[in-house]
Amino acid sequence: MVGLRKKHWDKPFSEKLARRVAKIPSNSLSSWAEQSLNEINRCLAKFESTREQIFLDEALAGAEALNAVISELHKRNTI
């Protein structure tokens, strides 16, 4: 069964995150994007004042979530 091979995942966020974001109602995606932006901003401000790596790690996780949300929003609006 050659045709059942799993497609290569080439997005900068995990498939698990993509599946979770796919369950968010369309009318909530924008607010999730705003929430991600706020979290990224908060983490970067904390990093600037403390230079602690944990805040960069959290900002990166927020950026991945933002990318997944915006990608899903784009996909829903171009179909």
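# Three helices and their salt bridges

Student: Happy to start with confidence: which elements of the protein chain have the lowest and the highest mean pLDDT?
Tutor: Among the elements of the protein chain, helix α1, covering residues 15-22, has the lowest mean pLDDT, at 95. This is a predicted model, and the chain as a whole averages a pLDDT of 92, with 95% of the residues scoring at least 70. The element with the highest mean pLDDT is α2, at 97.

Student: How many helices and strands does the protein chain have, and in what order do the elements run?
Tutor: The count is 3 helices and 0 strands. Read from the N terminus on, the order is α-α-α.

Student: Is the protein chain compact or spread out, going by its radius of gyration?
Tutor: For 79 residues the globule rule gives 12 Å, and the radius of gyration of the protein chain is 15 Å, well over that. Along the principal axes, the C-alpha atoms fill a box of roughly 55 × 30 × 15 Å. The radius therefore marks the chain as more spread out than a compact globule.

Student: What share of the residues in the protein chain is buried?
Tutor: Let's take the surface beforehand: the chain exposes about 6,300 Å², and carbon and sulfur atoms supply 55% of it. A residue is called buried when its relative accessible area is under 20%. Of the 79 residues, the buried ones make up 22%.

Student: Which residues form the largest nonpolar core?
Tutor: This core has 10 residues. The helices α1, α2 and α3 each supply at least two of them. The members are Phe13, Ala18, Val21, Ile24, Leu29, Ala33, Ile40, Leu66, Ala68 and Val69.

Student: Which residues does Leu29 touch, leaving aside those up to four places away in sequence?
Tutor: Leu29 belongs to the largest nonpolar core, as do Val21, Ile24 and Val69. Contacts across the chain also reach far in sequence: of those with a separation of 6 or more, 67% join residues 24 or more positions apart. The residues that Leu29 touches are Val21, Ile24, Val69, Glu72, Leu73 and Arg76.

Student: On to charges: how many salt bridges does a search of the whole structure find?
Tutor: Side chains of opposite charge can pair when their charged atoms come close. One such pair is Glu48 and Arg51, whose side chains meet at 3.5 Å, N to O; both residues are exposed. Searching the whole structure gives 4 salt bridges.

Student: How far apart are the closest N and O atoms of Glu39 and Arg42?
Tutor: These two residues sit 3 residues apart in helix α2 (residues 29-50), so about one helical turn separates them. Glu39 is partly exposed, with a relative accessible area of 28%, and Arg42 is partly exposed too, at 40%. They form a salt bridge, and the distance between the closest N and O atoms is 2.7 Å.

Student: Is Glu72 buried or exposed?
Tutor: Glu72 forms a salt bridge with Lys75, with the closest N and O atoms 3.3 Å apart. Lys75 is partly exposed, with a relative accessible area of 43%. The relative accessible area of Glu72 is 10%, which means that Glu72 is buried.

Student: Which residues are linked with Glu72 in a network of salt bridges?
Tutor: Glu72 and Lys75 lie 3 residues apart in helix α3 (residues 53-78), so they are separated by about one helical turn. Arg76 is among the residues touched by Leu29, as is Glu72. The residues linked with Glu72 in the network are Lys75 and Arg76.

Note on methods
Residues are numbered from 1 along each chain as its sequence is written. This is a predicted model: local features need pLDDT of at least 70, side-chain atom pairs count only at pLDDT 80 or more; totals for chains, interfaces and linings use all residues. Side-chain values use heavy atoms; hydrogens and water are left out. Helices (H or I, at least four residues) and strands (E, at least two) are DSSP runs, numbered from the N terminus. Buried means under 20% relative accessible area, exposed over 50%, partly exposed in between (1.4 Å probe, protein chains only). pLDDT is the predictor's confidence in each residue, from 0 to 100. A nonpolar core is a set of buried Ala, Val, Leu, Ile, Met, Phe, Trp, Tyr and Cys residues joined through side-chain atoms within 4.5 Å. Contact means heavy atoms within 4.5 Å. The radius of gyration is taken over C-alpha atoms; the globule rule is 2.2 Å times the number of residues to the power 0.38. Accessible areas come from the Shrake-Rupley method with a 1.4 Å probe; for residues, only the protein chains shown count as cover.
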